[in-house]
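Biologist: Could you take me through one part of this model slowly, the place where chain A and chain B meet? I'm new to this, so please explain the terms as you use them.

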Number of protein chains: 4
Amino acid sequence: MTVAPRIRTQVQVMFFDTDCGGVVSNIAYLRFIEIARTLLAEELGLALTEMAENQRYPVVVRTEIDYRRAAKLGDQLVIEGRLERVERVRFWCAFQITRLKDNTLIAQCRQMLALIEMPEGKLLRLPEHWEKYRGDDSAELQRESQAPTSDKKYTQ
Amino acid sequence: MTVAPRIRTQVQVMFFDTDCGGVVSNIAYLRFIEIARTLLAEELGLALTEMAENQRYPVVVRTEIDYRRAAKLGDQLVIEGRLERVERVRFWCAFQITRLKDNTLIAQCRQMLALIEMPEGKLLRLPEHWEKYRGDDSAELQRESQAPTSDKKYTQ
Amino acid sequence: MTVAPRIRTQVQVMFFDTDCGGVVSNIAYLRFIEIARTLLAEELGLALTEMAENQRYPVVVRTEIDYRRAAKLGDQLVIEGRLERVERVRFWCAFQITRLKDNTLIAQCRQMLALIEMPEGKLLRLPEHWEKYRGDDSAELQRESQAPTSDKKYTQ
Amino acid sequence: MTVAPRIRTQVQVMFFDTDCGGVVSNIAYLRFIEIARTLLAEELGLALTEMAENQRYPVVVRTEIDYRRAAKLGDQLVIEGRLERVERVRFWCAFQITRLKDNTLIAQCRQMLALIEMPEGKLLRLPEHWEKYRGDDSAELQRESQAPTSDKKYTQ
């Protein structure tokens, strides 16, 4: 199994990312994660400009995000993303947001995605060259047994 | 145990809710849910205008959302929200988004929240009058055993 | 000349509309205005659901917005919109945002729009039945002479 | 008169910046401009992190934006910003958005801002060291006479 792609990017918290609680809005973090996911998709051979042309897009099927600490206006945030798991028509990405200056963990997120052809909304098989990122069976079985019940319900 | 508050509201999908995939952006649904959550908070005695004054806000600690079907520009969406579970300093809300015209399930979401006093970020005990929404022990135990592993990891 | 359509709608300020300055973000008001513009377009015979099907959309060509007072979390805002002026391939809409409880003027906005057929981006003639909203020559001339220089620059 | 600060930054168009028309949403451009404005403010000695601490923020009083061409998913956009004019309690910034690959002009924008101390909303005098960016009287008069009528109405 080849080591799965990882990316790392950085954003600075802008006014439009915050709300009147004085900290970053829970919704804004999902934009940060989408930036990281896009870079990760490019690593995997899915460039944005091509998606726009051939109308094949990765779509988010499930998001799980945990907010650990609050980030503030002006904070430099590091977003790290990696391909966590590849199935036949679905894949999981994992993301972590930390504050640059003190390495504080801000948020952790997992997203399950699928490839869809629009406008029909047709579900596509994942690219063959992603096979190399699939774990072997034993790893998969092991993970399966640790998998949260809620995931099972949603992904099968 | 008193029946926990439920609310129901409606939004129409606007241009700014969609993306170039031709359907509603995964991030936009979280705005719809925030509208429902706000109405639910009012039912629970937490009015927005008071929050702004006394700087006590409910903050989202975890979000789980499953995207079932894609909504489109102009769709009328119904968002239903309910208080699902009350703990000592945390509570869970559950949301469901359906399309009005054909009752299609669009998305399901659960959020764990806490009450925080800003700007200190101090965690507050939940209001005493919410006690009546806490399940009895047997119900709680039962639910505990069904709870997804991932929740346990994050909430304990 | 037929009286041009006017609409009036209401929104409540949500957390995601505010920023850490404690008031509504300058960008959020443009979402409120888009809601009003959509309702106005429906009055004019351009329903959102049809736009999505036939890929003919009104696009904003210019926005002018003046922020008068700051709105806050929980405020009920009234957005009023009207068709201000119809030309051959462009039209102007005017919007006003006031706070419901004290009728305070929050923001004023004008937008110039055109009808475009996507994905070619082809500029369309405005619908014939909009002719009735065109002012007569004298009114137009009168307005022309009051028009801000900046408008002239951009629209001619 | 010292040459006024200018900045230049770059963004890539993400899914959340587009709408179902297939191009960048008119509202998204104002986020791009806010990123540039923030960098420009830092050049002028107003760092984001300090704003959050001392609660003194630049607020947008008026925005004028012209949409020239449509940008698409994946486009690399260059945003240039400069301080255009300094008055006693107000200043104007000018922005230009171009597409990197073909230098196409996408949008032009001017914003009038003021410095405000929150939560009182008190209008502050502009920093003394900005004096050096004020034009001399003749330049100011000259500009005044060219100024669009609409500006006069709003700024006096």
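Modeller: Here is a walk through that meeting place, with a few side trips to other salt bridges and to another pair of chains.

First, some ground rules. This is a predicted model, where local features need pLDDT of at least 70 and side-chain atom pairs count only at pLDDT 80 or more, while totals for chains, interfaces and linings use all residues. Residues are numbered from 1 along each chain as its sequence is written, chains are lettered from A and ligands numbered from 1 in the order in which they are written, and side-chain values use heavy atoms, with hydrogens and water left out.

Now to the contact itself, which means heavy atoms within 4.5 Å. Chain A brings 28 residues to it and chain B brings 28 residues. Together the two chains bury about 2400 Å², with 51% of that on carbon and sulfur atoms. That buried area is the accessible area (1.4 Å probe) that two parts lose on being put together, summed over both.

What holds our attention next is charge. Side chains of opposite charge can pair when their charged atoms come close. We call it a salt bridge when a side-chain nitrogen of Lys or Arg is within 4 Å of a carboxyl oxygen of Asp or Glu. Between chain A and chain B there are four salt bridges. One of them joins R62(A) to D66(B), at 2.7 Å from N to O.

Which pieces of chain A face chain B? Helices (H or I, at least four residues) and strands (E, at least two) are DSSP runs, numbered from the N terminus. On chain A, α1 (28-43), β2 (56-67), β5 (105-117) and α4 (149-155) each supply at least two residues of the side that touches chain B. The most comes from β2(A), with nine residues. Sorted by class, that side of chain A has 13 nonpolar, eight polar and seven charged residues. Here Ala, Val, Leu, Ile, Met, Phe, Trp, Tyr, Cys and Pro count as nonpolar, Asp, Glu, Lys and Arg as charged, and the others, Gly among them, as polar.

Let's stay with β2(A) for a moment, and look inside chain A. R110(A) makes a salt bridge with E64(A), their closest N and O atoms being 3.5 Å apart. R110(A) lies in strand β5 and E64(A) in strand β2 of chain A, so this pair ties together parts that are 46 residues apart in sequence. Both R110(A) and E64(A) are buried, where buried means under 20% relative accessible area, exposed over 50%, and partly exposed in between (1.4 Å probe, protein chains only). For contrast, E131(A) and R134(A) also meet in a salt bridge, at 4.0 Å from N to O. E131(A) counts as partly exposed at 43% relative accessibility, and R134(A) is partly exposed too, at 25%.

Over in chain C, R37(C) and E34(C) form a salt bridge at 3.4 Å between their closest N and O atoms. They sit three residues apart in helix α1 of chain C, about one turn of the helix.

Finally, try chain C against chain D. Here 27 residues from chain C and 27 residues from chain D take part in the contact. These chains bury about 2400 Å² between them, 52% of it on carbon and sulfur atoms. The count of salt bridges between them is four, and R62(D) with D66(C) is one, at 2.7 Å.
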